[in-house]
Each structure stands twice: as structure tokens, then as C-alpha cells.
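Reader: I'd like to learn how to read pockets and a bound ligand in a model. Could you walk me through it?

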Amino acid sequence: MGKGLEGWSVRHLLIVSVALNVWLVLKVSNYDKDTNFTTEKIFNGFCAHEEFHKQVPLSSSSSSSSSMAAAAVGEKKSVHDEADDGRIINFDHGDPTIYEKYWQEAGDKTSVFISGWQSMSYFSDVKNLCWFLEPEFGKEVIRLHNIVGNAATDDRHIVVGTGSTQLFQAALYALSATGGTEPISVVSSTPYYSFYRQVVEYMKSGLYKWVGDASTFDKDEPYIELITSPNNPDGLMRQPVVNRSGGMLIHDFAYYWPQYTPITSAADHDIMLFTVSKTTGHAGMRIGWALVKDEAVAKRMTKFIELNSIGVSKDSQIRAAKILQTVSDSREHAGDSKDFFETSYHHIERRWKQLREVVGKTGIFSTPEFPPAFCNYMSRLFSTQPAFAWLKCEGEIENCEDFLRSHKILTRSGKHFGMSPKYVRISMLDRDSNYDLFIKRLSEMRT
Ligand SMILES: Cc1ncc(COP(=O)(O)O)c(C=O)c1O
């Protein structure tokens with residue numbers, strides 16, 4: 001009897017345990033649906049405007065984590081195959097996730113291994129003016145510029161920064177720290193990169209102040225002009241516009257790379273800023289570099305970074321060196337892997353073709369046209385295909401950001417760039433799954 005009862009209990013326990021396991025598996029696989037927060041939704045909603053959530057409730061439909069994985073590897077589907085699950089498309093920021101696919105395919109050769117005892121010291125190269133610059137990173141920066149031909153590197157100081165955002169501030173400090181008692185005017189012609197204004201106004205520095213549109217600046221006093229070429233947000237090639245004595249220039253060349261624009265000559269200016277964020281898509285590494293002609297300016301930039309963050313992550317520089325090396329190798333040892341810039345160029349080219357087609361069909365928007373030029377790197381003629389689309393809502397629509405938001409597409413209004421709200425800036429560098437859905441929504445829009 002005791003034995004029978006014992007046998008019965010074991011059987012029951014087994015049944016209960018199997019049932020519990022089945023329930024748990026079902027529960028876990030439905031977790032996204034229950035909570036209404038899919039991984040993709042959280043990720044794609046990164047930095048979404050708060051007002052958006054007030055106005056448009058998050059969709060209750062969910063996309064599975066397998067679609068996230070498919071998106072991450074850039075699985076190719078036709079735009080019209082893309083099911084619209086009602087999710088928010090956040091094209092407000094310029095997160096360069098388009099490049100994930102290339103780097104996934106590149107595989108382990110881009111991996112770096114850093115042991116616990118490595119890169120511990122504050123110092124990298126005490127003999128260098130920029131004492132926290134990792135020599136390997138500096139070497140790969142010069143190699144890449146020489147291969148691409150987009151910047152003069154001879155007799156330049158390399159200053160590494162935590163993204164070019166830190167370098168831009170270091171440059172402002174370096175150029176204004178020796179000035180007079182009044183803050184120096186900082187200008188950039190509209191539409192200008194919105195972050196410049198935000199950073200300068202937020203910092204409230206006593207050394208410099210935001211004045212705004214360079215094309216209306218007429219004061220006879222020292223100034224700093226920021227030139228972004230190709231420009232963010234409109235993609236146009238830019239030259240200085242004030243051209244007066246006492247002017248100091250900072251050239252932001254975040255997008256002067258052959259996947260975005262023809263490389264017509266090696267840029268040769270006093271301060272040139274670059275960033276891995278837009279060159280290779282590694283925004284999360286937070287690595288940028290400046291090529292600086294004047295030693296005293298480079299020293300003051302270095303001092304700023306020393307006081308601001310006591311240098312720049314060595315781990316990130318080591319990883320960035322590996323990434324830049326892989327990009328250069330992909331050109332010089334063709335056959336081992338696909339040329340990074342060629343591959344990226346074609347990816348972005350396809351997107352611009354889709355966008356222009358749909359913009360032409362709906363008649364709701366317009367986009368700028370770019371003149372073709374011969375690219376020395378690609379050895380062919382092409383037109384700029386910027387990292388952002390500068391879209392104008394035509395006709396009655398006065399607020400393009402609101403109009404697109406009503407279709408669950410987040411963009412950045414023209415007003416942040418010193419322009420009218422009829423314009424918006426849209427990132428062209430998001431993942432395929434989001435971009436395809438964006439094109440699908442655009443093609444179905446009616447005013
Ligand atoms: C023109 C320009 N400069 C600088 C940056 C920021 O670069 P980083 O990520 O290196 O700080 C951006 C980012 O969008 C940009 O568009």
C-alpha cells in the first residue's frame with residue numbers, strides 16, 4: 001500500500017513537473033505580448049520624444065524577438081513584404097545601425113581581447129603632445145586617411161576625443177581661451193547641426209556664446225565658424241561663409257567619407273574633426289579624432305580633455321584601431337572581405353533610390369538634389385547620398401514633424417536647425433527592418 005502510494009506520488013509529481021515546465025515555456029515565449037514591451041520596441045524607441053508618448057499610445061501589437069534578430073543581421077525582404085505592426089519608427093537620432101550587418105559578416109577578425117591587467121594606466125604615450133592617444137589608434141587613423149584620400153595628415157597633431165562631440169568642445173575652448181574679456185561668437189550657417197547650438201547654450205561658457213546663422217553675422221570682431229561638410233542636416237557640401245579677418249574655423253568632417261559623398265580632394269584645414277560613429281558606425285565606442293595644424297591649439301584641446309575626462313578610454317581606442325585596420329585591410333587586401341566603403345555605399349544608394357521614388361509618387365514631400373562629382377576613392381562619378389534626408393512637407397502641411405508623428409514616425413523638426421517646421425531631418429542609417437517599414441508607410445500616405 002505504502003509502495004503503491006509512493007508510486008502514485010512519483011507519477012503525479014512527474015505530471016505536475018512536466019505541466020509546470022510547459023506552462024513556463026509558454027509564459028516565457030509570450031512574455032513580450034504580456035508586457036507589451038518588445039526588445040525591438042524599446043530599442044527603436046531609444047530617445048523618443050516624451051510628448052510623442054503622450055499623444056500616440058504605444059501599439060499593443062508586438063514584434064517577436066526573432067524579427068529583432070532578423071533585423072540585426074539585415075535579413076533582406078521586399079519593402080512591401082514588411083508587415084506594419086504599428087510600432088514607432090524613431091528616425092529622430094542618427095544611430096548608425098545600418099552598419100551592423102557588415103560587421104556581423106566580418107566576424108571574429110574584428111574582435112579584440114583585452115586582459116584584466118591591460119590598459120590600466122592613465123597614460124598611453126607620454127612623448128606625444130596628446131599623451132592619452134594610443135599609438136596604434138593614431139597609426140590606423142593616418143593609414144585610413146591616406147587610403148581614402150579625404151584629409152591631409154602630414155605635419156598634423158592627432159587629438160583623440162570621447163566622440164567628436166568632446167572634440168568640438170575642446171576646439172571651442174582652445175580657440176577662445178586666449179581671447180579678450182568678451183565671449184567669442186560661435187556661428188554656423190543654417191541649417192546647422194542642432195547639437196552645436198544645444199551644447200554651446202547648455203555649457204554657458206564665459207569664453208564663447210552661440211550667435212547662430214553665419215550668413216547674417218556682420219560684426220567686426222573675432223568669431224568661430226563651424227563648417228560641417230557634407231552638412232548635417234541637408235547633406236550639402238559647405239564652405240566658410242563669413243570670410244572675415246579674425247575668423248577661426250572648425251571643420252566637422254563626420255560625413256566626408258566615400259559611402260556618403262564623392263572624395264574630390266584631401267581636405268586641408270586648421271582643425272578637422274572626424275568620428276568612428278559615422279565612418280564605421282561604431283557610435284557606442286565614443287571615439288573621434290581631430291587633425292590639428294597648430295601645436296598650441298592641439299595642446300589646449302588636449303588640456304581641455306585632460307580636465308574634462310583625464311583622457312579617453314584606452315579600451316575604446318584599441319577597439320577603434322582594430323576596426324579602422326579592418327576597413328583599411330578591406331580595401332588593400334580585397335578578396336579577404338568586402339570593401340567597407342563600397343558595400344556601405346551600395347546599401348545607402350539603395351535607400352536613397354527608394355526614398356526618391358516614393359517622394360516622387362506621393363507628391364507630399366521634396367528632398368534636395370545633389371550635383372554629381374568624381375570620387376577619387378571609388379573612381380567614378382556620383383552624387384552625395386547623405387546620412388540624413390532633409391525632407392520638406394509641400395503644400396498645406398505646416399508642421400512636418402507633427403504630420404509624420406501622426407504616422408508614428410519620429411523625426412527632428414527643421415526648427416532645431418534654425419529652419420522652418422516645414423522641414424524635418426530623417427536618419428538614413430537605421431536598420432533595414434525600420435527603413436523598409438518607413439518607406440512602406442511613406443508610400444501609403446495621403447494628406
Ligand atoms: C556633424 C556631426 N558631428 C558630430 C557628431 C557626433 O559625433 P560623435 O558621436 O563622435 O560625438 C554628429 C552626430 O550625429 C554629427 O552629425
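Reader: Let's begin with the largest pocket: which residues lie nearest its centre?

Author: Happy to start there, and keep in mind that this is a predicted model. A pocket can be read through the residues that have an atom within 4 Å of one of its grid points. Here 29 residues line the largest pocket, and those nearest its centre are Gly94, Thr165, Tyr193, Phe195 and Lys278. Its volume is about 690 Å³.

Reader: Which elements give two or more residues to that lining?

Author: Three helices do: H8, H9 (194-203) and H10.

Reader: And how do the lining residues divide by class?

Author: There are 12 nonpolar, 10 polar and seven charged residues in the lining of the largest pocket.

Reader: Now the ligand. Where does it sit?

Author: A molecule is assigned to a pocket if more than half of its atoms lie within 2 Å of the pocket's grid points. In this model the ligand sits in the largest pocket.

Reader: How many residues surround the ligand, and which are the closest?

Author: For this shell, a residue counts if one of its heavy atoms lies within 4 Å of the ligand. The ligand has 13 residues around it, with Ser164, Thr165, Asp252, Tyr255 and Thr275 the closest. Thr165 is also among the residues nearest the centre of the largest pocket.

Reader: Which helix gives the most to the shell?

Author: That is H8, with three residues. Helices H8 (163-176) and H10 (276-279) each contribute at least two residues to the shell. By class, the shell holds seven polar, three nonpolar and three charged residues.

Reader: Which side chains have an N or O atom paired with a ligand oxygen?

Author: The cut-off to remember is 3.5 Å between N or O atoms. Tyr255 has a polar side-chain atom 2.5 Å from an oxygen atom of the ligand. For Asn232, the distance from a side-chain N or O atom to a ligand oxygen is 2.7 Å. Arg286 likewise places a side-chain N or O atom 2.8 Å from an oxygen of the ligand.

Reader: How much of the ligand's accessible area does the protein cover?

Author: On its own the ligand has 400 Å² of accessible area, and the protein covers 91% of it.

Reader: Finally, what about the second largest pocket: how much space lies in it?

Author: About 320 Å³. Its lining has 19 residues, with Ser229, Met237, Gln239, Tyr256 and Thr264 closest to the centre. The lining of this second largest pocket divides into nine nonpolar, nine polar and one charged.

How values were computed: Residues are numbered from 1 along each chain as its sequence is written. This is a predicted model: local features need pLDDT of at least 70, side-chain atom pairs count only at pLDDT 80 or more; totals for chains, interfaces and linings use all residues. Side-chain values use heavy atoms; hydrogens and water are left out. A polar contact is a pair of N or O atoms within 3.5 Å; within protein, one must be able to donate a hydrogen and the other to accept it, and residues adjacent in sequence count only if both atoms are side-chain atoms. Accessible areas come from the Shrake-Rupley method with a 1.4 Å probe; for residues, only the protein chains shown count as cover. On a 1 Å grid over the protein atoms alone, a cavity is a set of points where a 1.4 Å probe fits but cannot get out, and a pocket is an open set with protein on both sides within 12 Å along at least five of seven lines; lining residues have an atom within 4 Å of a point. Helices (H or I, at least four residues) and strands (E, at least two) are DSSP runs, numbered from the N terminus. Ala, Val, Leu, Ile, Met, Phe, Trp, Tyr, Cys and Pro count as nonpolar, Asp, Glu, Lys and Arg as charged, and the others, Gly among them, as polar. Grid points are joined across faces, edges and corners, and a volume is the space filled by probe spheres set on the points.
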